Amino acid sequence: KLPDELWDKILESVVDNSVLAFASVNKQLRRVQRRSGRKLETDMKSYSDFSVERDPELLEYAELNTVSEDWCLWAMSFLSDGIQQEQSEQIMNAAAFSGH
């Protein structure tokens with residue numbers, strides 16, 4: 001178990017849309033989040049702002065059907081260390097958008 005002070009430092013590098021996930025891990029991280037005063041909310045609008053003009057490979061999340069947890073795990077299984085972080089973030093965003 002790491003001390004709360006170390007988790008405080010780690011939380012500083014967590015983006016606002018990931019604070020809820022951070023605090024959901026366990027009671028200790030929830031305590032660290034509460035003490036920091038950072039809000040527990042995820043702005044799903046930022047995920048629907050992706051557009052085909054920005055990247056033709058991306059679908060707008062607003063038009064995305066929900067994906068199953070099994071699909072997310074399956075898609076993540078194809079990613080290796082050489083795959084860009086953005087691709088894994090897209091899968092995780094789709095999972096979050098679907099409530100997983």
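This passage walks through the nonpolar cores, the aromatic pair, a surface patch and the salt bridges of the structure shown above. The model is predicted, and residues are numbered from 1 along each chain.

A good place to begin is the interior. The largest nonpolar core has seven residues, namely Trp7, Leu11, Val14, Val19, Phe22, Leu29 and Val32. Three helices each give two or more residues to this core: α1 (4–12), α2 (19–23) and α3 (27–36). Leu29 offers a handy view of how the core is put together. When its neighbours within four places in sequence are left aside, Leu29 is in contact with Trp7, Phe22 and Ala23. Another core lies apart from this one; it has six residues, including Val67, Cys72, Ile91 and Ala94.

Two members of the largest core, Trp7 and Phe22, deserve a second look. A search of the whole structure finds one aromatic pair, and it is formed by Trp7 and Phe22. A pair of aromatic rings is described by the distance of the centres and the angle of the planes. For Trp7 and Phe22, the centres are 6.1 Å apart and the planes stand at 65° to each other. With an angle over 60 degrees, the arrangement counts as edge-to-face. Trp7 belongs to helix α1 and Phe22 to helix α2, so the pair ties together parts that are 15 residues apart in sequence. Both residues, Trp7 and Phe22, are buried.

Helix α1 also takes part in what can be seen from outside. Leu6, which has its place in helix α1, joins Leu2 and Ile10 in a nonpolar patch on the surface. Together these three residues have about 210 Å² of accessible area. Leu6 itself has a relative accessible area of 38% and is therefore partly exposed.

Charged side chains complete the picture. Side chains of opposite charge can pair when their charged atoms come close. A search of the whole structure finds four salt bridges. In one of them, Asp4 pairs with Arg35, with the closest N and O atoms 3.4 Å apart. This pair links distant parts of the chain, since Asp4 sits in helix α1 and Arg35 in helix α3, 31 residues apart. Asp4 counts as buried because its relative accessibility is 13%, under the 20% limit. Arg35, at a relative accessible area of 47%, is partly exposed.

Arg35 also forms a salt bridge with Asp8, and here the closest N and O atoms are 2.8 Å apart. Asp8 in helix α1 and Arg35 in helix α3 are 27 residues apart, and this pair too links distant parts of the chain. Asp8 is partly exposed, with a relative accessible area of 25%.

A further salt bridge brings together the side chains of Arg38 and Asp16, at 2.7 Å from N to O. Arg38 lies in the loop between α3 and α4 (45–48) and Asp16 in the loop between α1 and α2, so the pair ties together parts that are 22 residues apart in sequence. Asp16 has 57% relative accessibility and therefore counts as exposed. Finally, salt bridges that share partners join Asp4, Asp8, Arg31 and Arg35 into one network.

Technical notes
This is a predicted model: local features need pLDDT of at least 70, side-chain atom pairs count only at pLDDT 80 or more; totals for chains, interfaces and linings use all residues. Side-chain values use heavy atoms; hydrogens and water are left out. A nonpolar core is a set of buried Ala, Val, Leu, Ile, Met, Phe, Trp, Tyr and Cys residues joined through side-chain atoms within 4.5 Å. Buried means under 20% relative accessible area, exposed over 50%, partly exposed in between (1.4 Å probe, protein chains only). Helices (H or I, at least four residues) and strands (E, at least two) are DSSP runs, numbered from the N terminus. Contact means heavy atoms within 4.5 Å. Rings of Phe, Tyr and Trp (its six-membered ring) pair if their centres lie within 6.5 Å; planes under 30 degrees apart count as stacked, over 60 as edge-to-face and the rest as tilted. Patches are made of residues with over 30% relative accessible area and no salt bridge: like charges are joined within 9 Å, nonpolar side chains (Val, Leu, Ile, Met, Phe, Trp, Tyr) within 5 Å. Accessible areas come from the Shrake-Rupley method with a 1.4 Å probe; for residues, only the protein chains shown count as cover.
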